[in-house]
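Trainee: Could you take one part of this model and go through it closely with me, starting from a single element and then moving outward to its surroundings?

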2 protein chains.
Amino acid sequence: MNRKGILIVVSGFSGAGKGTLMKKLVQEYDNYALSVSATTRAPRAGEEDGREYFFVTKEAFERKIAEGGLIEYACYCGNYYGTPRDYVEKQLEAGRDVILEIEIQGALKIRKQFSSALLLFVMPPDAQELKRRLTGRGTETAEVIERRMARAVEESEGIEEYDYIVVNDDLESCVKQLHEIIAAAHNTPFRNEEFIEKIRGELSVLAKGEK
Amino acid sequence: MNRKGILIVVSGFSGAGKGTLMKKLVQEYDNYALSVSATTRAPRAGEEDGREYFFVTKEAFERKIAEGGLIEYACYCGNYYGTPRDYVEKQLEAGRDVILEIEIQGALKIRKQFSSALLLFVMPPDAQELKRRLTGRGTETAEVIERRMARAVEESEGIEEYDYIVVNDDLESCVKQLHEIIAAAHNTPFRNEEFIEKIRGELSVLAKGEK
């Protein structure tokens with residue numbers, strides 16, 4: 001069976017709780033590697049360079065783009081966000097499932113380059129809850145919250161592009177659900193071509209009586 | 001989230017252990033209903049009418065076909081096998097996941113009628129193990145075993161038509177895996193259209209500030 005790493009893209013509305021989910025998933029199971037994005041946006045209170053993001057200048061980011069060092073990048077609310085290539089490819093080769101937390105434009109770019117990527121979309125249980133979480137965070141201005149709500153409306157149009165949705169109602173059960181969905185993905189025929197070919201070969205030999 | 005029933009088709013080589021897996025799955029979790037097929041083949045030792053199969057005459061089977069009372073049927077090794085429609089539709093409406101154990105021809109017919117059916121293929125860990133199990137069952141003649149091996153070669157050509165494969169190495173872990181794959185399937189966007197539409201509607205109302 002397939003134990004090659006799967007590239008997992010996690011998207012979801014701002015405030016849906018993706019960051020917390022991902023951290024918990026990586027803590028609880030040891031087959032995951034969390035990709036850290038590079039961004040030109042300013043760090044929020046409590047964020048650390050290399051943990052939440054690699055915080056870089058616009059110039060450094062554009063140099064990375066030119067060198068082909070990002071597997072995807074996008075501009076969102078005036079800032080660049082991108083995924084460094086090195087780390088992702090190294091972890092996949094080592095058989096680990098690599099998780100990228102990126103928004104929909106990036107997710108679709110990933111799908112084009114990595115056809116077997118798994119796209120997951122995290123939803124709040126309802127829209128009121130989303131607004132409550134965005135407001136409750138206390139780190140954003142009313143204007144930013146409003147812009148994010150408008151953005152959520154836009155992003156919601158793309159949900160059907162994803163392989164699975166998960167509802168982040170209860171953290172523990174949502175983490176378990178994510179893990180099970182990813183485990184299931186390892187069992188798709190197209191991720192197990194070698195194993196299927198092996199069984200086919202063995203069967204035809206045995207069926208001919210050549211033991 | 002979706003709690004509509006999913007129609008689950010389980011196929012796999014004869015001897016891969018589908019029957020035992022299905023029984024265990026239904027015992028361990030309460031969201032499943034196991035569809036019992038009708039067949040014109042003779043009962044094996046220990047098989048009971050209405051439990052493993054509904055054993056019917058060729059005439060009775062052909063009457064069912066004519067009445068549209070089967071959602072699929074096929075001829076395999078000279079006998080008819082088919083799925084009675086009533087039971088399946090009633091259970092799906094009641095929100096239960098209905099499991100059909102049928103071979104590939106039937107599986108593909110189901111897919112055409114029920115586009116959201118989930119197709120699972122049970123594999124042995126290797127082909128030798130399959131032959132061992134077929135021989136070990138002790139209820140079949142050498143000729144039947146040989147015919148089944150040849151049939152397995154044919155069926156193996158269709159594995160890519162299935163959504164997932166599971167390897168029946170260890171019964172307990174295989175049952176758990178099946179359950180998790182089915183649970184994951186409830187989270188696909190196309191099985192949650194209503195929920196997604198509801199969130200979209202709520203979001204656009206909230207984004208306009210109409211609380």
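Mentor: What follows looks at one strand of chain B, then at the contact between the two chains, and then at chain A as a whole.

The model is predicted, and every statement below should be read with that in mind. The strand to begin with is β8 of chain B, residues 118–123, which is largely enclosed by the rest of the structure because six of its six residues are buried, each with under 20% relative accessible area. In a regular strand the side chains alternate between the two faces of the sheet. For β8(B) both faces are covered, with B:L118, B:L120 and B:V122 buried on one side and B:L119, B:F121 and B:M123 buried on the other.

β8(B) has strand β1 of chain B, residues 7–12, as a parallel partner, and five bridges join the two. Within this pairing, B:S11 has B:F121 as its bridge partner, and B:F121 is also among the buried residues named above. β8(B) also pairs with strand β9 of chain B, residues 164–167, again in the parallel sense and over four bridges. Here B:V122 stands opposite B:V166 of β9(B).

Turning from the strand to the contact between the chains, 45 residues of chain A touch 45 residues of chain B. The size of an interface is often given as the accessible area lost when the parts come together. For chain A and chain B that area is about 3800 Å², of which 68% lies on carbon and sulfur atoms. Four salt bridges are counted between the two chains, and one of them links the side chains of B:E160 and A:R200 at 2.6 Å, N to O. Nine residue pairs are in polar contact across the two chains, with both residues at pLDDT 80 or more. On the side of chain A that touches chain B, at least two residues each come from α5 (127–136), α6 (142–156), β9 (164–167), α7 (171–185) and α8 (193–207). The element that gives the most to this side is α8(A), with 10 residues. By residue type, this side of chain A divides into 27 nonpolar, eight polar and 10 charged residues.

As for chain A as a whole, its 211 residues include 50% that count as buried, and its secondary structure comprises eight helices and nine strands. Its C-alpha atoms fill a box of roughly 75 × 40 × 30 Å along the principal axes. Among the contacts in chain A with a separation of 6 or more, 69% are between residues 24 or more positions apart.

Terms used: Residues numbered from 1 in each chain as written. Chains lettered and ligands numbered in written order. Predicted model: local features only at pLDDT ≥ 70, side-chain atom pairs only at ≥ 80, totals over all residues. Heavy atoms only, no water. Buried < 20%, exposed > 50% of the residue type's maximum accessible area, 1.4 Å probe, protein only. Pairing = 2+ DSSP bridges. Contact = heavy atoms within 4.5 Å. Buried area = accessible area lost by both parts, 1.4 Å probe. Polar contact = N/O pair within 3.5 Å; in protein donor to acceptor, adjacent residues only side chain to side chain. Nonpolar A, V, L, I, M, F, W, Y, C, P; charged D, E, K, R; others polar.
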